[in-house]
Every structure is written in structure tokens, then in C-alpha cells.
Amino acid sequence: MQSWSRVRVAKCQLLVTSSFVLLLGLSMAAMAAVNYLGTHFAVVGRASSDRTPYEATRRWAFCTSISLAGLLTLGAVLGAVATVREAGGLMAGGFLCFALAFCVLVQVAFWRFHNPAQVEDAVLDTYDLVYDQAVRSSSATLRQQLVAIQDTFLCCGKSSPFGLLGATEVSLCPGEEATRQDCLVGVRSFLRTYGNIASTLTGIGLASTVYAVLLSSFLWFAFRSGCSLDRRGKYTLSRRARDCRPQEPSFFRRSPGGPALQHPMVADVLDGRLRASRPSGGPQFLQDS
């Protein structure tokens, strides 16, 4: 495959990859919005204090998702524009965004692998705290927070390890609410679904950014080497890229099939300079001399 064909194929692949990465960045932004403004996470956040592990984990997840969304979106836009305009500077910017996004995704994958249940444990600890406070206290505010969490996750209470519930615990799930599933099971099921989606997006992001980094680096070198699109729609190397050596003066060049190099006489060179310095309309005797 010729060089111009490889460049054209790489440009088409980078345009497709940039479009896919742009969608991935928008998905990351949507996950950040769900994480911070979603009903399930917001209701747990209102019931927890600012110093709980849940709030710290929630803020970290939101900042990481927003950063990834920004890097992926910016890299996709720069890569697409640089591909269309064949701009090496924009391509270098897109390469940098893809590389930074890859580093962040590696950190997220590493954290997800070593702490798979950190978010789940933080949410369940918050629910356990609210549930215990509502059982031990007669405060209406605590009961309203507990009811809000249970209505959001469509669950009610939690099962006792001894199989027996007190009168206060039974009163928290009156009527049809008693037939709902255990809140520990419901919350864990929702968080695992959310975690699987996040892990899938992380894996897709890693593969996409690696491919985008390879394509952007190849096209950057191609643009820097002078590979451009001519009028016939083919990619060719410019004359400067094919031969970067400085050209010799015309009187030192060997013509194809001609005689050997001939150095001009000093007198001829001086005579040529003298004739070039004379005014065209000078006296006749100066021109004849």
C-alpha cells in the first residue's frame, strides 16, 4: 500500500474514531450528571453529612467524570478538525488530550479493580445510619429521609439476622410497603448495575483512546513530513520533503546527460556583474567599453 493510501485510510479511521470518542465523552458527561443530580444519589446525599465517605466518593466520581468528558470531547473535536484541515498543531493538541484521557482512564480502572465495592459500601453505610437513627429516634425529619430513600429505591426496611423485627421497625413499612424487597438488596442491585455501566464505558474508553493516540501520532508525522492532498485527490510528498538538501547554484549543477561540471572563469563572472550594474540608458561609449 502506497503512502498516500495509508494516510487517507488513517484520516478516515480517525474521523470515525473521533465521532465515537465524542459520543463517549457525552456519555461520561451524562454519567456525571446522573451521579450528582440523579434522584437515587441525591436522596442519599441529602440524608448524609458532608464528612461521610459517601460524599467524598461522590465528589471524586463527579470531578473525574467531568474531567474525562472534557478531555474526550476536546480531543475528538481537535482530532476531527485537524484531520480535515491537515493541521499539525491541532493534531498535536488532540494527541495530548487523548493521552491525558488514557492516563485518567487507567487510574479509574486501577481504582475499580482494587476497590470494586467502595461506592456500594458507602451508600449502604449511609442507609444503615439513617435507618438506625430513625428506629431509635422519634424525629419526623429522620423518618422522612428514610421514607424518601425507600420510595426512591422501591424498597422498605432491612431484614433482621434473627428473623424478628420490633414494633418500631415494623411501623416503618406499613401496608403494601411491607411487600417490597429488602433495601439492602435493592440498593446493592442498583449500584451494581450502575457500576457495570461505568466499567463498560471505562473499557471502551481505554480501547478508543489507545487507537486515537496511534492514529493521531501517525497523521502528525505525516503532516510534518509534507504529505498533502494534490488537485487530483492523491496524497504526495512535497518537493521539500523529498529532497531537503540545499540546491547548488545553477553554474555548479550537472545537466542530465551533459558534460562534466565546468567552473566559470573569474573574468566572465566579473563581466556579468559589471553589465548588471550598468544603467540601461547610459552613454554609448560606456556600453561599448
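Start by selecting Arg192 and Glu120, which form a salt bridge with their closest N and O atoms 3.7 Å apart (a salt bridge is a side-chain nitrogen of Lys or Arg within 4 Å of a carboxyl oxygen of Asp or Glu). Arg192 sits in helix H8 and Glu120 in helix H5, so this pair ties together parts 72 residues apart in sequence. (Helices are DSSP runs of H or I with at least four residues, numbered from the N terminus.)

This is a predicted model, in which local features need pLDDT of at least 70 and side-chain atom pairs count only at pLDDT 80 or more, while totals for chains, interfaces and linings use all residues. Residues are numbered from 1 along each chain as its sequence is written, and side-chain values use heavy atoms, leaving out hydrogens and water.

**Next stop: Arg188**

Add Arg188 to your selection: its side chain meets Glu120 in a salt bridge of 2.8 Å, N to O. Glu120, Arg188 and Arg192 are thus linked in a network of salt bridges. Is Glu120 buried or exposed? At 12% relative accessibility, Glu120 counts as buried, while Arg192 at 49% is partly exposed. (Buried means under 20% relative accessible area, exposed over 50%, and partly exposed in between, with a 1.4 Å probe and protein chains only.)

**Then: Lys11 and Glu86**

The whole structure has four salt bridges. One to select is Lys11 with Glu86, where the closest N and O atoms are 3.2 Å apart. Lys11 lies in helix H1 (residues 3-37) and Glu86 in the loop between helix H3 (53-85) and helix H4 (88-114), so the pair ties together parts 75 residues apart in sequence.

**Along helix H6**

Now select residues 140-153, the 14 residues of H6. Which residues of H6 are buried? They are Leu142, Leu146, Ile149, Gln150, Thr152 and Phe153. These cover an arc of only 165 degrees around the axis, which puts them on the same side of H6 (the arc is that of the directions from the helix axis to the C-beta atoms). Their cover includes helix H2 (39-47), helix H5 (118-136) and H8. Just after H6 comes Leu154, with a positive phi near 55 degrees.

**Last stop: Asp182**

Finish in the loop between helix H7 (167-171) and helix H8 (183-224), where you will find Asp182. Asp182 is buried yet has no salt bridge, and the nearest side chain of opposite charge, Arg188, is 7.1 Å away. (Lys and Arg count as positive and Asp and Glu as negative; His and the chain ends are not counted.) A polar atom of the Asp182 side chain lies 3.2 Å from the backbone nitrogen of Leu184.

Note on methods. Helix = DSSP H or I, 4+ residues; strand = E, 2+ residues; numbered from the N terminus. Polar contact = N/O pair within 3.5 Å; in protein donor to acceptor, adjacent residues only side chain to side chain. Expected span 1.5 Å × (residues − 1). Contact = heavy atoms within 4.5 Å.
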